[in-house]
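Got the viewer open? Keep your selection tool handy and follow along, stop by stop.

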Amino acid sequence: MSSSSFSCCWCLLSIFLPHLLSAKPKCTLPCPQDVAIYSKNLHTFLKWSPPINVSKGLVYRCQYKVYGEEQWVNIQKCMKIKTNVCDLSNETINYKEFYFARVKVTHPGCSNYSRTERFSPKQSKSLCI
Ligand SMILES: *[C@@H]1O[C@H](CO)[C@@H](O)[C@H](O)[C@H]1NC(C)=O
Ligand SMILES: *[C@@H]1O[C@H](CO)[C@@H](O)[C@H](O)[C@H]1NC(C)=O
Ligand SMILES: *[C@@H]1O[C@H](CO)[C@@H](O)[C@H](O)[C@H]1NC(C)=O
């Protein structure tokens, strides 16, 4: 391959690569429902209900974000869970901060994320469940 055809390939690649990388598969499942934060025994939990019409055998992934920051962060213990609750006490320890949390279905198929309202660990409701 001559160096000019090489650089041409490279230039085509650099035009199309970003498009290839950003072409995420579309998630077609409905979102998890009733996403909420509650606290119990000094722990903070994210909980939700399954998407409408689908409830069995779903795997979920949860993330959180500090209010004012761009980046969503994976909650390591809730990356592949089959329960409808995630303990995010260790992620939301700063009582002076506000947070968001979100959850999506990752298997089978996937949903978009459902997000909480902004919450503070000190204000999170105590639910009796
Ligand atoms: C997921 O989000 C995308 C982009 O916002 C949207 O086009 C799509 O309809 C959403 N999927 C569902 C199932 O709501
Ligand atoms: C859920 O199931 C009901 C009854 O089968 C149907 O009418 C409705 O359109 C379904 N909703 C969604 C979002 O799939
Ligand atoms: C929180 O962190 C403590 C100490 O590192 C660890 O023992 C505990 O398992 C963690 N809990 C959760 C829910 O991540």
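Here is a short walk through a predicted model, taking in a ligand site, some paired strands and one residue in detail.

**Stop 1: the ligand.** Select ligand 1 and bring up its surroundings. You'll find C27, T28, P30 and N112 around ligand 1. Colour that shell by residue class and you get two nonpolar residues, two polar ones and no charged ones.

**Stop 2: strands 3 and 6.** Next, select residues 59-66, which make up strand 3, together with residues 99-107, which make up strand 6. The two run antiparallel, with eight bridges joining them. To see how they line up, pick R61: its opposite number in strand 6 is K104.

**Stop 3: on to strand 7.** Keep strand 6 on screen and add residues 114-115, which form strand 7. This pairing is antiparallel too, over two bridges. Click R102 and look across to strand 7, where its bridge partner is R115. Strands 6 and 7 form a hairpin, with six residues between them. In that turn, pick out G109 and check its backbone: phi is positive, at about 70 degrees.

**Stop 4: V73.** Now jump to V73, which sits in strand 4 (residues 73-74). Is V73 buried or exposed? V73 counts as exposed, because just 11 other C-beta atoms lie within 10 Å and the cut-off for exposed is 12 or fewer. Setting aside neighbours within four places in sequence, the contacts of V73 are Q63, Y64 and K65. To finish, draw a distance between the C-alpha atoms of V73 and E91: they are 9.2 Å apart, with the two residues 18 apart along the chain.

How values were computed
Residues numbered from 1 in each chain as written. Chains lettered and ligands numbered in written order. Predicted model: local features only at pLDDT ≥ 70, side-chain atom pairs only at ≥ 80, totals over all residues. Near = placed C-beta within 6 Å. Nonpolar A, V, L, I, M, F, W, Y, C, P; charged D, E, K, R; others polar. Helix = DSSP H or I, 4+ residues; strand = E, 2+ residues; numbered from the N terminus. Buried ≥ 20, exposed ≤ 12 C-beta atoms within 10 Å, placed from the backbone. Contact = placed C-beta atoms within 7 Å. Pairing = 2+ DSSP bridges.
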